[in-house]
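Dear colleague,

I am handing over the structure we spoke about, and I would be grateful if you could look through it alongside the notes that follow.

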Amino acid sequence: MALYLISYDIAEKDAFEYKALWDKLKALGATKILYSEWAVSGESAAEIYNEICGLVQGKDRLLVQELTRDAVWDKLLVSDEVFKKLLVGARQ
């Protein structure tokens, strides 16, 4: 399975409306790496998108994109070790 980035823009004032989205992301095994970004293993971006798109509102923005091991980061919400483990399954 490949590693995917899920990124979204939601209005801060509406954050209380997204518990179902965050619960679904956790159920998919996603790891929150930044405030509006999660990383998750999956078969395809479309499959992941279809699982979560109904949980965001029409005014929101949503991106699901495959990640590669060619990554540089700073101050993620998870430790470097955790993120490195996630990247192990990513493609070159």
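The helices and strands named here are DSSP runs, with at least four residues for a helix and at least two for a strand, and they are numbered from the N terminus. Please keep in mind that this is a predicted model.

With those elements in hand, Leu77 can be placed in the loop between S4 and H3. Because its relative accessibility is 42%, and partly exposed covers the range between under 20% and over 50%, Leu77 counts as partly exposed. Leaving aside residues up to four places away in sequence, Leu77 touches Lys32, Ile33, Leu34 and Tyr35; the C-alpha atoms of Leu77 and Tyr35 are separated by 7.8 Å, although the two residues are 42 apart along the chain.

As for the sheet, four strands form an open arrangement in the order S2-S3-S1-S4, with antiparallel pairing. Strand S2 (31-34) and strand S4 (61-67) are the edge strands, each of which pairs on one side only, and from one strand to the next the twist averages 30°. S2 and strand S3 (residues 37-42) run antiparallel and are joined by three bridges, with Thr31 standing opposite Ala39 in S3.

Two helices should be considered together with the sheet. Helix H2 (residues 45-52) packs on the sheet, where it touches strand S1 (2-9), S3 and S4, and its direction makes about 150° with that of S4. Helix H3 (residues 80-87), for its part, lies across S1, S2 and S3 and runs at about 115° to S2.

With best regards

Conventions
Residues numbered from 1 in each chain as written. Predicted model: local features only at pLDDT ≥ 70, side-chain atom pairs only at ≥ 80, totals over all residues. Heavy atoms only, no water. Pairing = 2+ DSSP bridges. Axes fitted to C-alpha atoms, helices over the stretch in contact; angles between N-to-C directions. Contact = heavy atoms within 4.5 Å. Buried < 20%, exposed > 50% of the residue type's maximum accessible area, 1.4 Å probe, protein only.
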